[in-house]
Amino acid sequence: MKIDHLKSVPELPASVKGKKTRPKKTAWVDEDNCTGCQACIPFCPVDCIEPVAIDKHVFPPIPPVQIRFNECIGCQICAKVCTKLTWDAIRMVDTDNLEERLDIIID
Ligand code: SF4
Ligand code: SF4
């Protein structure tokens, strides 16, 4: 059977490389839209998506995921996976803007 809806889901890269340069855009999870399904987690080539710790999250019962910004290489795979397979909860955000908005420094 042909599975057309998976056609545009990216393949996992053959090898995993860490961050070398600061990406222009960084992945950011819109927590209000994230179902916590975790479908995006295995697709991240640098393994920097994780569920929010249960003690830091009250409602809904399934915690959303979060990105470890310092490790994100800005590849956009997670955003494509979320849009194609589940919901539309990951945005690629300008790294400078993200720093400003969250008052953090992203290496
Ligand atoms: S695939 Fe989308 S909805 Fe599912 S956990 Fe990841 S960001 Fe959240
Ligand atoms: S943009 Fe790429 S590196 Fe960053 S969280 Fe998403 S899949 Fe991981």
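This section describes the surroundings of two ligands, a pair of strands, the largest nonpolar core and two residues with positive phi in a predicted model.

The surroundings of the ligands are considered first. Around ligand 1 there are 15 residues, of which Cys34, Cys37, Cys40, Cys82 and Ala89 are the closest. When these surroundings are sorted by class, the shell of ligand 1 comprises 11 nonpolar and four polar residues, and charged residues are absent from it. Ligand 2 is surrounded by 13 residues, and those that come nearest to ligand 2 are Ala27, Cys44, Cys72, Cys75 and Cys78. The shell of ligand 2 likewise contains no charged residues, being made up of 11 nonpolar and two polar residues.

Ala27, one of the residues that come nearest to ligand 2, has Met92 of strand E4 as its bridge partner. Strand E1, which spans residues 25-29, is joined to E4, residues 90-94, by five bridges, and the two strands run antiparallel. Strand E1 is largely enclosed by the rest of the structure, because four of its five residues are buried.

The largest nonpolar core contains 19 residues, and the members that touch the most others are Val29, Cys40, Ile67, Cys78 and Ile90. Strand E1, strand E3 (65-67) and helix H1 (77-85) each contribute at least two residues to this core, and the largest share, four residues, is supplied by H1. Two of the cysteines named here also appear in the ligand surroundings, since Cys40 is among the residues closest to ligand 1 and Cys78 is among those nearest to ligand 2. When residues up to four places away in sequence are left out, Cys40 touches Ile49, Val65, Cys78, Val81, Cys82 and Ile90; of these contacts, Cys82 is itself listed among the residues closest to ligand 1.

Positive phi values were examined next. Asp47, a residue other than glycine, has a phi near 55° and is placed in the loop between E1 and strand E2 (49-51). With 13 other C-beta atoms within 10 Å, Asp47 is classed as partly exposed. Asp103 also has a positive phi, of about 55°, although it is not a glycine, and Asp103 is found in the segment that follows helix H2 (95-102). Asp103 is exposed, as 6 other C-beta atoms lie within 10 Å.

Methods:
Residues numbered from 1 in each chain as written. Chains lettered and ligands numbered in written order. Predicted model: local features only at pLDDT ≥ 70, side-chain atom pairs only at ≥ 80, totals over all residues. Near = placed C-beta within 6 Å. Nonpolar A, V, L, I, M, F, W, Y, C, P; charged D, E, K, R; others polar. Buried ≥ 20, exposed ≤ 12 C-beta atoms within 10 Å, placed from the backbone. Pairing = 2+ DSSP bridges. Core = buried A, V, L, I, M, F, W, Y, C linked by C-beta atoms within 7 Å. Contact = placed C-beta atoms within 7 Å.
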